Structure formats: C-alpha cells, structure tokens
Amino acid sequence: MMYDVCIVGTGAGASGVAHKLVEAGMNVVMLERGGFYKEEDFSKDELAYCKREIVTPSFKDSYHTIETQESGKWVKSSTRDTERTYFNGNIVGGSSNFMSGYFHRMKPKDFKLASTYGAIDGANVVDWVSDYKEFEPYFEEVERLVGVSGEVTHFEHHEPRSTKNFPYPALDEHPISAKIDDACKKLGFTPYKTPRAILSKAKGKRDNCYYSNYCGSYGCSSGAKGSARASLLQPMLGKKNFSIITHAFVKKLVEKEGKVVEALYVDTKTKEDKRIKAKLFIVAGQAVESSRLLLNSKSKSFPNGLSNNAGQVGKNLLFSAGGVGSGQFDEDSMALNKLMVEGLFVNRSLCDWYFYEEDGKEVKGGIVDFLFQHANPMTQATKQRFDNGKLLWGKELQDKIYHKLNKTKQLNFEVFNDWLPTDNCFVSVDDKYKDAYGVPVANIRIGAHKRDLEVGEYLAKKAEDVLKKMGATEVKSSISPAPPPNLQAGGCRFGDDPKTSVLNKHCQAHEVSNLFVTDGSFMPTGGSVTYTWTIYANSFRVGDYIVKNKNIWI
Amino acid sequence: MKKITRRVFIASSVLAGTALVLLPQEAKSNIKIDLFKTLTAVQEVLFPKGLVAPSAIEFGATAYLANVATHSSFLDSDLVYLQSGAEKLMTEYPDFLSQSPKEQDETLRAFIKNHEMGENWISFILYFTLEALLANPIYGGNKNESGWKWLNHNAGVPQPKVPYAQNLQGEVI
C-alpha cells in the first residue's frame, strides 16, 4: 500500500502536522515505537511511572552513549551503566503524555537573538528564518485545540496576543500562590500566573482536570492534560485516512533518486522487519532520535546520512539550561490546614528577567516556574535516608519521614534559560555501539556554554529571594551544566543556507524534497521556555504549508 | 520536567551506586532463601515497629523485594550485590540472626565501620525497604496500606489494576 504521508513519531511535533494533513483528506500513517495507552490505562503508580521508567525502552533494547568533558577530555559513558535514560515517553503521544504542561510562549526577540544581541563567543546563535508574527496564529491555535488554561498576566516583556484571554479559565490554585504574590509585591517583582496545557473545563470527550495531585511524570486519566494523544490523535481515530502502527521502531529511511521511498521498521513485538511506502515522509521522534534516524539512513547519494551532505545533521543540539531550587514550609510559615491542601496548582512564574540589564546593556535572561515537590511518597521518603551525608535508620529515620510527609511542604522552582547552541553539543552515531536491532545508537556530546550558568545563577537568586521573603527555610538552588534529558531541541536547524542548516524555513530538508522534520529539531535556539508549545505551533505551521502545497508531493 | 532516575537516587550517598557495576557476575546463588532471611532481619532493624509505624515485617518489606527482583527492571547485578553483602555480613557475624534487635543494630553499625561496602549495601536495602513501605500494595509491600495509613497518605486515583503499567488495550489501530 502506498500512503500519502508516513510520519515517524506520534508526539507533539508529529501530531500537529498529522492533524492538519488528515483534516485535508491526505492518507496518513504514523509509526510509534511504543504502545497505545489511553486514559483508562493510566494510573497513579509511582513505582512504574516515576521509578522504573516503564514507558521508555529497556536498556537491553536501546541506550545512548553520552560524552561529557572531564579534565579537558571528552569521556564517553553508556546510559546502560548510568541508568539515566534520554528516551522520554515512548508511547502514542510521546513525552507530551508526561509533561507538566507549563506553557510559555517564546517572545518576539527570541526569534532574532543574533541580530538583537550580537554574537556570543563560543556559541552559534543565529536568527530564526521566521518570526513571532508568523508563529502567533499557531500559538493561538494550540491554545484552542490542545487547550491552554490561564489568566493573562501583564509584565514588561509580555508577547503580543491576537486574543484577549486564554480559551480556558485558570485552574484552581493552592493557598501558597497568594503568599508568592505577596512576597513578589514586597520585592517589586511581577507574580506571573503560569498558563497550563491542562483543561479547567471539559472539551469534547476530554474531561476537565480533577486535581489528582499526581500530574507531572504521570499520564492523565481524565484527558485534561494537553498531550498530543488526548488532544489531537484520539479525536482522529476511526477516520479512514488515518492510522497508527504501534511497536514500530524505524531503523532507516530508504532514499532513491533524491527522495525517500520507504521507511524500514522492526515490529518490536515480533522482531519482524517491515516497510512502509509513502509519497511524503515526516520525521518527529524527538530531537536526539530524529537526528539519529537521519544519520543512520545512509545511501550512495548520502554516505553520511540522509540530507547530511553538508554535515549539519545532529549539530547544535539544545537542551534547556538552568536548574532547580527549593525552600521548606511548615506551620511556622503557614497554617498547616492550608499548607497541606493537596492537588491544587501553584501556577506562578517569574518572567521579569526574560530580558534584563547587565553592565548597562540588555541581555537575554529566562524564566522561573514555582511548583510543589511532586506528591510521590516513595521519592520523598527515600530522600530522607541521609542527614548531612549520614545514613539514618530506625526511629530517627521514621520520625524524619513522618515529619517530612505530614508537617512540611517543599516549594520548588525550576529555572529555564537558553541553552546556547555550541560545537560541543551534538548527536552522532558510531558503528561500535548498536541497539538490540543492530542499529547504531545515538551518541550525545553534552557541553554547556558558561553563559548558560551565569544567567541561570542570576535567575535562581531572584527565585531564592521570593522563597526567603515568604518565610521558607533551607532555601537553596543548584544551577548545573547537566541537561534535563526530557527537554530536547535542535540538531536539524532550519535556515536559508543549505551549508549551515538541514531544513528550509518550512522544515523541509534542503537536500531531500519529500522529507520534513517537525519535532523540536528545527530550532536554532529554543527560547527560555519549555519547548512543547513551540513544537506544537510549528507542527501546525508546517502542516498548513504542506496542505497548501500538497500537489507537489501527492 | 527535570527528572532523576532510580540509580541517581541510589547514588545519593557518597559511596552508593559505584560498586554495583563493578561486581563480578557471580552465578546466581543457591542460598537465596538465606539471602531473604538475612534481608528480613536487616530490614527489621532498619525499620522496626514504632508506636504507630508498622515494622518492615508487618508491611512486607522482604516480600516486596523478592517480588520486584523478578521483574526485568531489576538488574541482575543488583541481586548479585545484595547477595554478596549478605554473605559478607553473615560470614563476619554468623550469629546475626539470633542476636537481639539492639545487638543487630550495633552489628550493622559495626559492619558499616569495618567494611567499605557496608554503608552502600545497607543504604541500598533501605531504599527498597522504603519503596516497600509506600508502593502500591499490588507489588507485595505496603500490606493493608499500612505504610500509607501511618503517614496519612492519600494515594493517587486511579490506582493501578495491574503492575508495571501494563497496557491491556489493543495495540494496532
């Protein structure tokens, strides 16, 4: 069978474009490495979802090699040894199933960092070949289709909006949010009400949020969370021109005469090799795996990987820079009956320093999101085993656990600032390291630019000020060059010059006309926000372009 | 969000984690029963019965460990590690099982002092003991939700019907 379009992946970047193409009547098949979990399959099983990484490939099946710098040398390790996976949510809907859904839009200047702020030594910052004006209608479309709830809070750097309000009202807030507002006012900061990709009101077959108290890292049992699966894919099930094949790990895209003609995949349940033919191919397997697939798709015309004759595939990989911090609250800082309320959201961010002044010059900053430590009791209890490095047990430990879980709450913050693109952060493949299917695994070199840490420290200090003003104790933070493995972008940046970019402004490969990449890979810089909203918006944008020009391929 | 995996937690002490991958892959022991008997005794010292807190035996700490150790997410090397520590403890302190709780506590503290692997091994067992205290009872620990009850913990809804998030849906659509 010949499909119109074959999409590799089913996450946010895959599903936005799928939605547009299926609506336009094109015959679309999606290939998903993992299984299909629906609302009724998800539960609040901390062991499975948070401690055993059950929805990522086992290390026996696949892994990554990681290169980090030690004493000036690049040292390679395997995630099989470190057990720190760089896969994220390998089921239909991808990692969007497990996000917390803190949704911030990129700002207009994020699209023009190089021309606004000039070059930074050691970083490959370039302007986007698009702008906020082109993206705005798609950010808005995400608000409606995926579902974003919130209340517009104005602050100095707020981006322009084409609509006044979010389509869904803000979610219910925990009493501590008012305390954050109070502290911010005293400090002269703007408490920003964080928009969330979580429905406060039902939408179609999706129920509203039921404040389960277990959100981030868990699949959503009501469909309120704006996963690609719940918001875009499930509504298309049953359409004749749409199908999803699960347990399909794509090993290679086969090229003939400058075009992709088929995808070779293995059915991970039967171990059988299979193939799909289509007129147009779209890759969206999350940044690291998308670059890996192109690099492993070698042919006579593309000896270094598909669309990689300029050697750009895998380059300028991005994570999110920043780190985390926390403060402790107990009955001295807030009445216990209010503090210990469960399930309600904090939904506060600091955005005043998205851009800030340093030595009389404006520089690029970032944001801070506040959130309670996840309710996960096992995670909280196991952390109590040590007291200043000393192992505790018996009554001493029991008292500590009881106090921690019954009498205190930890308010965390997460700092997000730009992970500057550099020559030291990329994806490559090496025939020496292969997965269970004989396919070279992705090697990820992770080098962070020192500026990432400076900006992160600046923002963390502001968040610490808020916690201290609120009366928190044990206020601390950790800004680190270690990346969060779930926040990936870059590797196939878009641009006008085929020598320095993989994709054109429509996310179509410069070198292969029937190949698009629509996950976060296209981003030359990522903004100081989590990437999901931008990925959804871009996926819709590319979808519109393909539909408009479909006669070229179909 | 920024996730930390199981092993990173286990490595949160100074020594933890490192020994695990370095251990030789010894043949799986034929003294498994002794291993779990030793573990039961150690776990009861680490988590004894409190005024309200259930003890490790009461909430099924060893049963939990024996159960999760059979799943593919539990590394063979972890089991080898548990075994090698237990053998060391029993070789060094052969009457450990017949000691009073107070003596056993002192023995474990001496074991940490005298053996490089001691603290790491006990921390490792304690990690799984605390998992057993608070995991969903479907995994064999937290018997009668005794861990949750002790901590007035409200479990998330829905609770799992099957372990390890197995998916009972049809897969190809």
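Two strands count as paired when DSSP finds at least two bridges between them. Keep that in mind for the strand views below, and remember that everything shown is a predicted model.

**View 1. Strands E3 and E4 of chain A sit side by side in an open four-stranded sheet.** E3(A), residues 65–70, runs antiparallel to E4(A), and six bridges hold the match. To find your place along the pair, look for Thr68(A), whose bridge partner in E4(A) is Val75(A). Now zoom out to the whole sheet: the strand order is E4-E3-E20-E19 in chain A, and the pairing is mixed. E4 (73–78) and E19 (425–434) of chain A are the edge strands, each of them pairing on one side only. On average, neighbouring strands here are turned by 30 degrees against each other, ignoring direction. Helix H8 of chain A, residues 287–296, packs on this sheet and touches both E19 and E20 (440–446) of chain A. The direction of H8(A) makes about 55 degrees with that of E19(A).

**View 2. Strand E18 of chain A is covered on both faces.** This strand covers residues 409–417, and nine of its nine residues are buried. Which residues sit on each side of E18(A)? One side carries Lys409(A), Leu411(A), Phe413(A), Val415(A) and Asn417(A), while the other has Gln410(A), Asn412(A), Glu414(A) and Phe416(A). So you'll find charged and polar names such as Lys409(A) and Glu414(A) among the buried residues, where buried just means under 20% relative accessible area.

**View 3. E18 of chain A has two antiparallel partners, E11 and E15.** E11(A), residues 321–329, joins E18(A) through nine bridges. At one spot in that pairing, Phe329(A) has Lys409(A) as its bridge partner. With E15(A), residues 366–372, the pairing runs over seven bridges. There, Gly366(A) stands opposite Asn417(A) of E18(A). If you want the chemistry behind the ladder, strands of a sheet pair through backbone hydrogen bonds, either parallel or antiparallel.

**View 4. Asp418 of chain A is a buried loop residue with polar partners.** Asp418(A) lies in the loop between E18 and E19 of chain A. Why does Asp418(A) count as buried? Because its relative accessibility is 9%, which falls under the 20% cut-off. The side chain of Asp418(A) makes a polar contact of 2.6 Å with that of Lys364(A), plus one of 2.4 Å with the side chain of Ser528(A). Leaving out neighbours within four places in sequence, Asp418(A) also has Leu113(A), Ala321(A), Gly365(A), Asp452(A) and Gly527(A) among its contacts. Have a look at Leu318(A) too: it is 100 residues from Asp418(A) along the chain, yet their C-alpha atoms are separated by 8.6 Å.

**View 5. Ser349 of chain A is buried in strand E12.** Ser349(A) belongs to E12(A), residues 348–350. At 1% relative accessibility, Ser349(A) counts as buried. Its side chain joins that of Thr194(A) in a polar contact of 2.7 Å. Not counting residues up to four places away in sequence, Ser349(A) touches Thr194(A) along with His104(A), Thr190(A), Pro191(A), Tyr192(A), Val368(A) and Asp369(A).

**View 6. Chain A meets chain B with 68 residues on one side and 61 on the other.** The 68 residues come from chain A and the 61 from chain B. Together the two chains bury about 5,500 Å², with 58% of that on carbon and sulfur atoms. How many salt bridges are counted between chain A and chain B? The count is one, and it links the side chains of Glu131(B) and Arg52(A), 2.8 Å from N to O. Across the interface there are also 16 residue pairs in polar contact. On the chain A side, the elements giving two or more residues are H2 (46–51), H3 (79–82), E6 (242–245), E11, H10 (377–383), H11 (394–407) and E18. H11(A) gives the most, with seven residues.

**View 7. Chain B is built with nine helices and zero strands.** From the N terminus on, its elements read α-α-α-α-α-α-α-α-α. Of the 173 residues in chain B, 51% count as buried. Take the contacts in chain B between residues at least 6 apart in sequence: 63% of them join residues at least 24 apart.

Definitions and conventions
Residues numbered from 1 in each chain as written. Chains lettered and ligands numbered in written order. Predicted model: local features only at pLDDT ≥ 70, side-chain atom pairs only at ≥ 80, totals over all residues. Heavy atoms only, no water. Buried < 20%, exposed > 50% of the residue type's maximum accessible area, 1.4 Å probe, protein only. Polar contact = N/O pair within 3.5 Å; in protein donor to acceptor, adjacent residues only side chain to side chain. Contact = heavy atoms within 4.5 Å. Axes fitted to C-alpha atoms, helices over the stretch in contact; angles between N-to-C directions. Buried area = accessible area lost by both parts, 1.4 Å probe. Salt bridge = Lys/Arg side-chain N within 4 Å of Asp/Glu carboxyl O.
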